[in-house]
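Biologist: Got a minute to go through this one with me? Put it up and let's talk metals.

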Amino acid sequence: MPNAVGERQTSFWLRLLKQRRERMNEEELDLSQPIVWDSPEEQWSAVAFFNAAFRAEESGLRQAHEIAADVASHDPELAEALRLYGDEEGWHRELLTKFLAYIGGEIRPMGPTTRTFYKLYARAERPETIILTNLMFETIGATTYRLALRTAKPRPAVRQMLTILTRDESFHVPLNVHFLRRALERAEPGALRRLQPLYHLLTASLMASAAASRRRAKRFDNIPFPTLARAYAEHLGRLFTNAADFGFTPSRALLATVGLRRRDLVGYEDLTSAAAAERAADRSRVIVDAL
Ligand SMILES: [Fe+2]
Ligand SMILES: [Fe+2]
């Protein structure tokens with residue numbers, strides 16, 4: 001696979017990840033003020049929203065550490081980057097555990113759809129399959145958190161939690177683009193072509209998953225289904241419009257279901273670029289805007 005323009009080496013990412021690790025423990029959630037919910041339904045929905053986030057962190061952490069162990073013998077630098085990345089997801093999982101207790105919730109068993117999905121995902125074996133799935137998850141995670149920053153009722157602790165997640169998942173997107181390129185370099189010939197059906201299936205499934213998440217979480221985040229499904233299509237589309245070397249192009253028909261055309265995806269800042277990653281990497285300097 002040809003190197004994309006402006007692509008950086010693993011050492012670049014490793015340096016950023018090490019910088020981030022030093023700052024990780026300085027950041028604490030301020031959970032001193034209890035939240036007064038408008039209704040028990042709103043609180044229940046908030047617990048569902050952050051449970052979904054918890055499961056994504058847990059899965060990201062496990063997969064990153066598993067791939068790190070697999071690549072350690074031939075690419076120790078990449079293995080270390082994957083471990084540090086997994087540790088960031090582990091830190092998010094810890095924050096979410098505290099946050100869930102604070103909002104009067106607990107870590108719930110997964111519902112049947114989520115469980116099936118994560119079971120299938122856990123069975124994926126090829127690193128490029130796992131990383132592509134994860135990359136698309138990071139993208140919709142960052143999108144959902146950023147939208148929720150605008151639409152959920154503003155409460156300081158909720159904003160702090162959402163800001164941390166938005167900021168870090170935004171950095172994880174270009175990082176996973178790098179991981180995917182490295183994985184494809186070592187994959188069997190034709191691996192990229194074999195990812196095409198998965199890319200289309202995931203795009204459609206993630207857009208559809210917005211419906212299920214609306215049933216559970218909308219009373220908390222106030223994001224209507226059409227807004228969320230469109231935002232998913234838009235952000236996944238922009239990602240691969242910029243990282244064009246993968247050749248992942250969303251289907252026109254699918255885009256049309258949310259009122260988008262392919263040309264609507266062109267001309268946005270390349271969040272996968274090294275410059276964008278560098279900006280997103282320094283936690284203390286990132287300004288998180290709501291979508
Ligand atoms: Fe995370
Ligand atoms: Fe992440």
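Biologist: How far apart are the iron ion (ligand 1) and the iron ion (ligand 2), and which residue coordinates both?
Modeller: This is a predicted model, and in it the two iron ions (ligand 1 and ligand 2) sit 3.3 Å apart, with glutamate 89 coordinating both.

Biologist: OK, what are the protein donors of ligand 1?
Modeller: For the iron ion (ligand 1), Glu57 is listed twice through OE, then come Glu89 (OE), His92 (ND1) and Glu169 (OE), at 2.0 to 2.5 Å from the ion. Glutamate 57 is in helix α2 (residues 40-71) and histidine 92 in helix α3 (residues 76-102), so that pair links distant parts of the chain, 35 residues apart.

Biologist: Are glutamate 57 and histidine 92 buried or exposed?
Modeller: Buried, both glutamate 57 and histidine 92.

Biologist: And how are the ligand 1 donor residues spaced in sequence?
Modeller: The pattern for the iron ion (ligand 1) reads E-x31-E-x2-H-x76-E.

Biologist: Switching to the other ion: which protein donors does ligand 2 have?
Modeller: The iron ion (ligand 2) has Glu89 (OE), Glu138 twice through OE, Glu169 (OE) and His172 (ND1), lying 1.8 to 2.3 Å away. Their residues are spaced E-x48-E-x30-E-x2-H.

Biologist: Why does the pair of glutamate 89 and histidine 172 tie together separate parts of the sequence?
Modeller: Because glutamate 89 lies in helix α3 and histidine 172 in helix α6 (residues 156-186), the pair joins parts 83 residues apart in sequence.

Biologist: Buried or exposed, glutamate 89 and histidine 172?
Modeller: Glutamate 89 and histidine 172 are both buried.

Definitions and conventions. Residues numbered from 1 in each chain as written. Chains lettered and ligands numbered in written order. Predicted model: local features only at pLDDT ≥ 70, side-chain atom pairs only at ≥ 80, totals over all residues. Heavy atoms only, no water. Donors = N, O, S within 2.8 Å, 3.2 Å for Na, K, Ca; no water. Helix = DSSP H or I, 4+ residues; strand = E, 2+ residues; numbered from the N terminus. Buried < 20%, exposed > 50% of the residue type's maximum accessible area, 1.4 Å probe, protein only.
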